[in-house]
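Take a look at the chain below. We will go from the overall fold to its side-chain contacts and its surface.

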Amino acid sequence: SLANIDDVVNKIRLKIRRLDDDIRTVVRGQTNVGQDGRQALEEAQIAIQQLFGKIKDIKDKAEKSEQMVHTAKRSQKQEPFFFSLVHQKCSFYSVENGEQC
């Protein structure tokens with residue numbers, strides 16, 4: 001009947017208001033999640049840049065270490081030649097002067 005129509009309309013309006021409130025709450029929550037996601041992404045990008053910096057430092061140190069090892073190996077290869085020259089020079093000196101090195 002038409003007498004109850006105002007009550008029905010008011011109940012429907014109340015339900016609509018509640019649904020609008022629920023929708024606003026969900027939209028706000030999604031907005032916050034989006035902002036949190038952007039912030040997390042920015043923090044991750046910064047962490048990745050820092051990680052790449054540390055990796056570069058490690059790589060540079062490894063290259064320097066490798067160069068030092070290469071130099072040391074080269075020196076070791078030259079040492080026998082150097083010592084044989086010193087020995088020959090010392091032997092020659094001993095024979096000429098009658099002294100030992």
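A salt bridge here is a side-chain nitrogen of Lys or Arg within 4 Å of a carboxyl oxygen of Asp or Glu. Keep that cut-off in mind. The model is predicted.

Start with the fold. The protein chain has one helix and zero strands. Helix α1 covers residues 5-97. Of the chain's 101 residues, 2% count as buried. Buried means under 20% relative accessible area, so a residue at or above that value does not fall in this class. The chain exposes about 9,800 Å². Carbon and sulfur atoms supply 59% of that area.

Now turn to the annotation. An unreviewed UniProt entry places a "coiled-coil region" at residues 41-75. In the model, this span is 100% helix and 0% strand. The C-alpha atoms at its two ends lie 51 Å apart.

Next, the charged contacts. How many salt bridges does the structure hold? There are two. One joins lysine 56 to aspartate 60. Their closest N and O atoms are 3.0 Å apart, so the pair meets the 4 Å cut-off. Both residues sit in helix α1, four residues apart. That spacing is about one turn of the helix. Aspartate 60 is partly exposed, with a relative accessible area of 27%.

The side chains of aspartate 21 and arginine 24 also form a salt bridge. Here the N to O distance is 2.8 Å. What separates these two along the helix? They are three residues apart in helix α1, so about one helical turn lies between them. Aspartate 21 is partly exposed, at 43% relative accessible area. Arginine 24 is partly exposed too, at 42%.

Finally, the nonpolar surface. Which residues make the nonpolar surface patch? Ile48, Leu51, Phe52 and Ile55 make it, and its area is about 410 Å². Take isoleucine 48 as an example. This residue lies in helix α1. Its relative accessible area is 44%, which makes isoleucine 48 partly exposed. Patch residues need over 30% relative accessible area, so isoleucine 48 passes that cut-off at 44%.

To recap: the chain forms one helix, holds two salt bridges and carries a nonpolar patch that includes Ile48.

Conventions. Residues numbered from 1 in each chain as written. Predicted model: local features only at pLDDT ≥ 70, side-chain atom pairs only at ≥ 80, totals over all residues. Heavy atoms only, no water. UniProt positions renumbered as here; feature names shortened; annotations may be inferred. Patch = residues over 30% accessible without salt bridge, like charges linked within 9 Å, V, L, I, M, F, W, Y side chains within 5 Å. Areas by Shrake-Rupley, 256 points an atom, 1.4 Å probe, with all protein chains shown as cover. Buried < 20%, exposed > 50% of the residue type's maximum accessible area, 1.4 Å probe, protein only.
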